[in-house]
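Hi,

Here is the structure I promised to pass on. Have a look at it first, and my notes follow underneath.

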Amino acid sequence: MHQVQTATARVRAAEHAKAPIDVHQALTDVMRGVESARGTWGANHVIAEINRFTDAHAYRRYTLTDNGHTQELSRDHVESFILYAALNRDSIKVTPDPVHGRFQPLTRTSDTDSVYVSKARTLYTSTRVLEAEVRLLAAARTTSQHAAAVDVDTFAQALRDLPNGDYAQVRLAREFVTNRTALVLGAGRAGAGKTRSMKLAAHAVKLAGGRMIGLAPSKQAAGVFRRDVGVHAFTIDGFLTAHRGAQANGTTVSARYRITAGDVVVIDEAAMATTTQLDEVTAIVTAAGGYVRPLGDDGQIGAVGAGGAFRLIRREVGAVELETVYRFTNKEEAEATVLLRESTASIDPFTWYKDNNRIIAATPDRIGEVLFADYIADLAAGDASIMMAPTNAHVDELNGRAQALAMTEGRLVPGAAATLRDGNRAYVGDRIMTRRNTPDLRTDDGTHDVSNGDIYTVRQVHPDGSVTATHTDHGGTIRLPHDYLAEHAHLGYAFTINQTQGDTIGGTNDLNVQIDGHSRAIANATTARANAYVALTRGTTSNTLYVEIEPGQNPDDVLAKIASNADTNLSAHEMIAVESDRITDLSRLIDEYNDIANQANATRFETLAVRALGDTNAGTLISSDGWEAAAAGLARAEKLGLDPAHVLTETWNQREFKTAADVGAVMSWRIEGHLETEVDEGILEPLPELGTDTGRYDWAIDRTAQNHPDVPEPWRDHLTERGTYISDRMTERGVALTLEKPTWTRQLGPVPADPQRRTAWMGLAAEIDLFRTRYNVPDDSPIAIPENLRDHPVGANLAARVTALRKSTAIRAARGRTREAIPAEQLAALQKIAQRVDAKRPIADAETAAAALNPDHRSPLSSLLERAARLAETTTHSLDATKNKTDPTETVDDGTPPSITDSPNPIERPRGPRL
């Protein structure tokens with residue numbers, strides 16, 4: 001122990017003796033780490049990177065030089081300085097300020113921000129990230145001055161040599177090698193034939209006397225590309241490191257990494273590459289006259305915080321797409337994978353899997369046992385099979401089961417064993433996985449070094465704890481040292497889902513024999529949909545998901561959670577739009593309005609409580625935690641036409657409070673009971689129907705406080721400001737729906753040309769849209785108000801209004817008094833209201849920067865109006881084509897349109913209100 005302490009002290013002393021780190025350089029290094037890992041970040045990401053940096057330099061000193069004066073800083077001061085500078089100097093905000101300015105009663109004293117602003121939700125990016133994204137988009141739109149890698153005649157010859165009947169695969173290969181655009185993106189679903197297409201492309205380049213190389217995020221993926229396509233392939237990091245080193249040293253990069261004019265660089269699994277990686281590779285390749293060809297599937301797993309550049313390019317510029325899936329022997333399973341990758345919210349992406357026994361549920365204590373039993377049955381049948389799991393703990397369990405079985409069956413040699421990182425011991429015959437790239441460890445033939453994800457079979461365990469092992473793929477033999485095994489090796493029978501991306505289990509083996517392949521993976525409620533997609537697309541014959549449930553839990557609930565776990569790895573440009581939408585989300589603003597209204601009512605009811613109960617009793621009530629709930633009950637009583645002072649007095653005097661811990665909570669319960677009794681006994685007049693077509697959607701926001709004279713004027717002014725903005729947004733949404741016309745609006749009938757009726761149509765459509773949003777009705781659900789929501793008072797009222805509107809439209813149509821609105825006029829109306837709304841929209845610093853950097857950047861307003869213009873043009877063409885024709889949906893035989901309850905009603909998943 002003394003020796004260890006002495007060695008540690010020596011290390012500390014040596015590190016402390018080194019030159020101190022300038023805190024500005026530390027800031028630069030921290031920001032470089034943040035930017036290389038993600039496109040947008042929060043304070044928590046910066047803090048994590050600061051901790052990584054300071055831990056790596058735990059014994060170093062830090063200095064700050066300011067105006068020629070240098071001072072040494074403590075670690076706490078260093079961390080505070082870097083965090084402040086990183087967020088306020090080197091980053092720009094992606095999250096806009098709130099729509100409404102600060103209102104003093106609703107401002108936090110700690111930081112003077114609105115109580116509705118969450119510091120933890122604030123996102124940032126940098127001009128460097130935005131510039132990288134802009135450069136990538138520009139490369140995808142730029143034609144190179146150099147000749148294409150392959151001419152059309154040579155490509156035709158390559159196709160004759162390697163015939164391919166899939167048009168999309170041929171097109172992808174052709175575009176990759178004959179197109180002179182600097183960057184062309186290729187995208188394809190799992191099993192769609194990306195490898196076969198690249199073989200054709202590589203052959204064409206070879207015929208042309210050119211050169212294709214592959215780059216990949218991992219050494220394992222680069223090895224697969226090298227083996228399958230037949231070209232040199234490297235890791236992205238290795239390629240960039242070589243070029244950075246050569247530039248720093250003023251030397252020429254080695255020939256294997258050198259790019260010349262016409263070279264084709266394919267970046268495989270490009271959706272896993274970071275934005276900074278793609279940008280740097282593109283700059284190197286295009287500067288030399290080469291062509292960059294990212295290839296991947298953004299429906300699969302992306303690297304943590306990769307930045308979303310792949311998807312950004314695909315969305316903004318486009319990609320050469322592969323759509324037909326060939327991997328699976330079952331055509332229905334191939335179609336099911338498409339739904340799992342791309343389906344909308346109203347479609348259960350796991351339906352086929354459930355109907356075909358590909359979903360197996362079990363509790364955590366049994367899930368590994370169930371999967372393992374099926375796995376060994378596959379092996380017993382002579383099939384290929386793979387076990388996957390979402391966490392290392394699951395993988396360790398499956399590895400332990402596999403090792404125990406191998407020992408029982410005599411496939412392992414008891415006795416000497418090597419200690420591994422996962423706590424297991426490896427015997428002769430065991431499969432182990434290496435988890436760290438180590439170029440210094442090379443196989444006996446000198447051609448392969450140890451890579452993360454390699455699988456070896458142990459051949460000998462040496463007395464010093466090292467092992468001699470043989471690679472299961474290329475067959476190279478290596479001696480792995482004891483310390484490497486203890487720190488970087490695991491048993492290798494099972495894998496995390498991430499480790500299997502790019503693998504195919506089953507198919508034709510080296511002897512040209514067809515082998516059935518099975519994928520078996522554990523999933524739980526935290527599993528991302530992209531991970532489930534990868535897990536269910538590895539096997540050629542079957543793919544099964546083992547769903548972990550708690551006792552009594554419905555597996556469908558877990559599957560629904562997995563389906564909703566969408567990827568949030570977006571580019572900075574995309575996150576600008578997402579954050580703007582979040583801050584201006586209508587449901588969010590309505591919730592804030594109602595919360596403020598409740599507080600305003602509580603303020604005016606404080607005066608009423610003092611008047612009705614006296615200072616002492618009122619003070620007890622107002623100071624209790626449940627006072628706002630009690631005040632909300634008094635507001636409801638007032639809306640029912642009751643005198644809130646009388647209700648307060650009567651409920652207060654019902655009986656003593658005795659030892660009640662929260663008088664307000666008791667009063668809230670008493671007031672609600674009082675109102676229920678009044679309604680049940682018929683004392684109260686019936687309420688006006690909720691959702692009456694007033695254009696004020698009173699079911700959504702309560703304007704009582706906004707207009708009540710007893711509410712302090714500042715509160716009324718703030719509520720009025722918010723209410724006006726919400727009204728403008730509702731009007732904007734109603735006009736937009738006349739152009740968008742989602743499927744459910746068909747139940748409202750055509751948009752009338754008559755201004756008054758058109759206003760009613762838009763008002764009802766906007767209310768329905770708001771109601772559907774608040775109750776999470778999928779956008780593509782064709783029924784305006786789904787059956788399961790018509791028991792709700794507002795849902796029932798809206799459904800009745802839809803029926804009334806349809807009947808009225810049908811009667812007018814029968815009398816020849818209907819004309820449909822002209823799309824161009826609706827577009828003009830939308831432009832007017834949208835510009836008014838957008839003038840109040842807060843603009844984030846990142847959006848301003850993006851607009852300055854990218855001439856093609858579109859603001860939310862321009863995107864909305866461009867989309868609306870396209871819809872208006874489409875609708876105009878449709879109206880012209882059907883002019884003078886009768887719409888069969890307008891009436892039925894008796895001249896009355898079908899009621900909403902007569903419409904087809906697909907099965908809907910029950911959904912609660914959005915929290």
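What covers the buried residues of α3? Keep in mind that this is a predicted model. The cover includes two strands, β1 (21-22) and β2 (62-66), along with the helices α2 (23-37) and α4 (75-88).

A bit more on α3 itself: this helix runs over residues 43-56, 14 residues in all, and spans 20 Å from first C-alpha to last, close to the 20 Å expected at 1.5 Å a residue. Its buried residues are Val 46, Glu 49, Ile 50, Phe 53 and Thr 54. Looking down the axis, the buried residues of α3 fall within an arc of 130°, so they line one face of the helix. Turned away from that buried side are Arg 52, Asp 55 and Ala 56, which are exposed.

Now the strands. β1 and β2 belong to an open sheet of 3 strands, ordered β1-β2-β3 with mixed pairing. β1 and β3 (69-73) are the edge strands with a single partner each, so each has one side without a neighbour in the sheet. β1 and β2 run parallel and are joined by 2 bridges; Ile 21 has Tyr 62 in β2 as its bridge partner.

One more spot to check is Thr 540, in the loop between α18 (529-535) and β27 (542-548). Buried means under 20% relative accessible area, so Thr 540 counts as buried at 5%. A polar atom of its side chain lies 3.3 Å from the backbone nitrogen of Gly 517. Beyond its sequence neighbours up to four places away, Thr 540 touches residues including Arg 327, Phe 328, Thr 504, Ile 515 and Asp 516.

Cheers

Key: Residues are numbered from 1 along each chain as its sequence is written. This is a predicted model: local features need pLDDT of at least 70, side-chain atom pairs count only at pLDDT 80 or more; totals for chains, interfaces and linings use all residues. Side-chain values use heavy atoms; hydrogens and water are left out. Helices (H or I, at least four residues) and strands (E, at least two) are DSSP runs, numbered from the N terminus. The expected span of a helix is 1.5 Å times one less than its number of residues. Buried means under 20% relative accessible area, exposed over 50%, partly exposed in between (1.4 Å probe, protein chains only). The arc is that of the directions from the helix axis to the C-beta atoms. Contact means heavy atoms within 4.5 Å. A polar contact is a pair of N or O atoms within 3.5 Å; within protein, one must be able to donate a hydrogen and the other to accept it, and residues adjacent in sequence count only if both atoms are side-chain atoms. Two strands pair if DSSP finds at least two bridges between them.
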